[in-house]
Amino acid sequence: MDFGTYKTLLVEHREKALLVTINQPESMNALAAAVVEDLHALTGVLARLGTDANWPVRGIVITGSGQKAFVAGANIVEMNQMDPDAALAYGKRMHDVTLRLEALPVPVIAAVNGFALGGGCELAMACDFLYASANASFGQPEVNLGLVPGFGGSVRLQQRVGIGMARELIYTGRRIKSDEALRIGLVNRVLDDNEALLEAALATIAEIASKAPTAVSNVKNAINEIAGLNVADGLEAEARSFTKAFETEDSVVGRAAFVAKSTPDFPGR
């Protein structure tokens, strides 16, 4: 599959994973308009991904180039020239990117190698889960500039860490290190260095790739739907997801393999 060519992104096929590197180290991978447009174009291509086991990609890893930053934030030099209408369009474009990442039928891991501030933290939180290097740091520092989060931070940070902690981090603009991010539940794992970080993220994609493709897609969609629902409505959504799973060939193959004590060969349908 042709994933396209981009000025600000490196896109590499790594067995069952697609490694996407934001490649603007001179600006610490800030989300300039050109980066946002490339991410928008790439996520448009990825939106056409299937779940068939023969598809070449079963997971996405997003990281930043260099040793200092995943994404240091939005491009403040560009933002300084924006009026409210331009700022709204800029934010909405990144909203589209993050919603597309959440809607993909495969898992997306943010491999955070350094600064993930403002828009960088917001991009990472749109991924299914976050792995971080020991030198990573996170924050929503918009209030330091008289601004507020504009790429989803007000929504997703409270979903990740709870409303009280989200308020504290956003109101203060405080930056936290990876060990603190792990403690409050913002990240899933902390790795010693960038090499170990990528290895861990790619290994997790490989592990997930051995599971039923339709089940992974189905449960990702269900978890996204259930977020924010009350218990009763959440259970109804889970019931729909559970029923849908029984309608797939993957479920037939998986259950039969369990009974036969054999390894399932999932068709992805």
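In which sense, left-handed or right-handed, does α1 cross α3? Helix α1 passes α3 in a left-handed crossing; a crossing has this sense if the near helix is turned anticlockwise from the far one by less than a right angle, and is right-handed if the turn is clockwise. This is a predicted model, in which local features need pLDDT of at least 70 and side-chain atom pairs count only at pLDDT 80 or more, while totals for chains, interfaces and linings use all residues. Residues are numbered from 1 along each chain as its sequence is written, and side-chain values use heavy atoms, with hydrogens and water left out.

The labels for helices and strands come from DSSP runs, with helices being H or I over at least four residues and strands being E over at least two, numbered from the N terminus. Helix α3 covers residues 84–103, and its axis lies 9 Å from that of α1, at an angle of about 35 degrees. Axes here are lines fitted to C-alpha atoms, for helices over the stretch in contact, and angles run from 0 to 180 degrees between N-to-C directions. On the α1 side the contact is made by Val36, Glu37, Leu39, His40, Thr43 and Gly44, and on the α3 side by Tyr90, Arg93, Met94, Asp96, Val97, Arg100 and Leu101. Contact means heavy atoms within 4.5 Å. Sorted by class, the contact of α1 with α3 has six nonpolar, three polar and four charged residues. In this sorting, Ala, Val, Leu, Ile, Met, Phe, Trp, Tyr, Cys and Pro count as nonpolar, Asp, Glu, Lys and Arg as charged, and the others, Gly among them, as polar.

Next comes the sheet. Strands of a sheet pair through backbone hydrogen bonds, either parallel or antiparallel. In this model an open sheet of six strands has the order β1-β2-β3-β5-β7-β10, with mixed pairing; two strands pair if DSSP finds at least two bridges between them. Strands β1 (9–14) and β10 (189–191) stand at the edges with a single partner strand each, so one side of each has no neighbour in the sheet. From one strand to the next, the twist averages 20 degrees. At one edge, β1 and β2 (residues 17–22) pair in the antiparallel sense over six bridges, and leucine 9 stands opposite isoleucine 22 in β2. Helix α1 (residues 33–46) packs on the sheet, where it touches β1, β2 and β3, and its direction makes about 30 degrees with that of β1.

Strand β5 has a partner on each side. It pairs with β3 (residues 59–64) in the parallel sense over three bridges, and alanine 110 of β5 is the bridge partner of isoleucine 62. Four bridges join β5 to β7 (residues 129–133), and these two strands also run parallel. Here alanine 111 has tyrosine 131 in β7 as its bridge partner.

How many of the five residues of β5 are buried? Five of the five residues (108–112) are buried, so the strand is largely enclosed by the rest of the structure. Buried means under 20% relative accessible area, exposed over 50%, and partly exposed in between, with a 1.4 Å probe and protein chains only. Val108, Ala110 and Val112 cover one side, and Ile109 and Ala111 the other.

Ile109 also appears among the contacts of threonine 204, which touches Ile109, Phe129, Tyr131 and Arg189, not counting residues up to four places away in sequence. Threonine 204 lies in helix α8 (residues 194–209) and counts as buried at 10% relative accessibility.

A second helix pair is α5 (residues 153–161) and α6 (residues 163–172), whose axes come within 7 Å and cross at roughly 130 degrees. That makes α5 oblique to α6, because angles under 35 degrees count as roughly parallel, over 145 as roughly antiparallel, 65 to 115 as roughly perpendicular and the rest as oblique. The crossing of α5 and α6 is right-handed. Gly153, Ser154, Leu157, Gln158 and Val161 in α5 meet Ile163, Met165, Ala166, Leu169 and Ile170 in α6. By class, this contact has seven nonpolar, three polar and no charged residues.

Two residues can be compared by their backbone angle. Asparagine 29 is not a glycine, yet it has a positive phi of about 60 degrees. Lysine 261, also not a glycine, has a positive phi of about 55 degrees. Asparagine 29 is in the loop between β2 and α1 and is buried, with a relative accessible area of 0%. Lysine 261 is found in the segment after α11 (249–260) and counts as exposed at 77% relative accessibility.
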